[in-house]
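Here is a short report on one protein chain. It moves from the whole chain to a surface patch and then to a single side chain.

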Amino acid sequence: MFVERVILLSLGFFLVSRFFTEKLRLLPKWVDVLDMPVVVALIVLGFLLRPSLGSLASEEDRRVARLSFLLLLAVALSVLANADRVFMPAVVLFTLGFAGGPLLFLALSRWIRYTEAFVHMLRRFLLGLLILNLLVVLVWDMPAFFAYADPDKLSGTFGNNAYQFSFFLALAAGLLLGLGEARALARPLVIALQVGLFVLYYLLQFRAGFVFFLLAYGVMLVALYGRRVLRGVVLSGIAVFVSFFLIDAALEELAGRSEQRFTDYTSRAARGDLGYGDLLLLLANPADYLHYAKFQAFPATLRMLWEHPWAFLVGVGPGNYVSRAYYTFSVEFSSTELKGKGVGGIVQQLFGVSKPWATEFSQQYLGSLPRDIAFGSYLFASPYSSYLAPLAEVGILGAIAVFGLYGYMVRHSFRLVRWACERAPSALPMATAALIGSVYLFGLGFLDNWWEVTRVVFPMWLLFWAAKTGVALQESELDAEALVEEPATEAVEAEQ
């Protein structure tokens, strides 16, 4: 169990390290990038030292292996075709961001020997992490939230990144609901905790992500209870959606909307307005916002591919256009406001980069896009998206591989929940957590470069591996019991 414990301890450390580096400031910032070399070591050692273990016997492993190979092939071809214009640190970051999670999934099949014990350990670990995060929110974050009226203060153990905390809240919601269905937690407690997680998500003010959170939650409910609840899920989703706006308006009214001292957007949280009503404006007039960079980046990229047909096949080079790798060495490098956030500055120091990286393609096709702030957020002003990066930077093969990997994760997680409902209820918690997490992550890929955020994709692929393994173990036990019972039944019938 040594390897299994090391993997869980490593995961646990990286999911709480930013609390110590960014909030308490007890550890140096370079600690936050250690997850990348540790995972790379697990992947490399898993394939080199244990070539005979976990021989890709399952269909899940084979599917992920084929798509991962296709992605790595696309990266290699793109690097060769763009050898004179690629920036190797950005290539490494791009490859690790997009391929690291799937390769970790495959490495786990080689490293983990005590699969059943590991799955149970991971479930207990996630519950412990949830308790720890709730304690941090209550003791540390809430006082700061009320003192500064800043929703970014609500981030648990995820440092200064409340949006990454929202992803963990989604996983926790799925895990708790699965525990309730598996009769491992009392229903009243599960319902109370679900309400608490929804309230906490509401306070995060992640309005764009909230739509995908509701969608992911609804998909999870349909997987659990079947299509018969589809109408109820839709109506409940609409009710929750509207109730957030009503709560927002009520809080704003109670705080005294007429007070003239609250004139700018950044003061809205102080008067109880968390901005969810802005979503109604967006839904009522979607065409009014299509001129922003977030949406114009798609036709701009198509124009780039049309004018340079070869880029459709091999891309303009990994880390050269609109990926998180490009963002790290270009925007984060040149922006004094962003230097203290995330790990971009540490990554730049790690690779010894002394000046911003910029490419002609990104500047020509994306540089002139409108970067206006909408609803007090830079979301619409940002062209960065995991939906665009693979096609633009490594070509059609890379896009097929990336969308194939995350699409397969979503589809198979849905099947895992259905199978667990029918045959393996004890595996439900991991399956429901994997489903809501994968759907939520798939949606977030449109908003930003979420598929390259290692603190999100590494735990997600580990959870997906645990979910498919847990269901497979339960099915194997049931099949073994059936084989034992069948001869006994035949013997009884023969005696009769």
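Accessible areas come from the Shrake-Rupley method with a 1.4 Å probe; for residues, only the protein chains shown count as cover. By that method the chain exposes about 22100 Å², and carbon and sulfur atoms hold 66% of this surface.

The model is predicted: local features need pLDDT of at least 70, side-chain atom pairs need pLDDT 80 or more, and totals for chains, interfaces and linings use all residues. Numbering runs from 1 along each chain as its sequence is written, and side-chain values use heavy atoms, without hydrogens and water.

The chain has 19 helices and 0 strands. These are DSSP runs (helices H or I, at least four residues; strands E, at least two), numbered from the N terminus. Of the 496 residues, 55% are buried. Buried means under 20% relative accessible area, exposed over 50%, partly exposed in between (1.4 Å probe, protein chains only).

Two residues show both sides of the buried cut-off.

| Residue | Location | Relative accessible area | Class |
|---|---|---|---|
| Leu 34 | loop between α1 (2–23) and α2 (35–49) | 31% | partly exposed |
| Glu 181 | helix α6 (162–181) | 18% | buried |

Leu 34 belongs to a nonpolar surface patch with Phe 13, Phe 20, Leu 26, Leu 27 and Trp 30. Together they have about 540 Å² of accessible area. Patch members have over 30% relative accessible area and no salt bridge (side-chain nitrogen of Lys or Arg within 4 Å of a carboxyl oxygen of Asp or Glu); nonpolar side chains are joined within 5 Å, like charges within 9 Å.

Beyond four places in sequence, Glu 181 has contacts (heavy atoms within 4.5 Å) with Arg 187, Leu 224, Tyr 225 and Leu 428.
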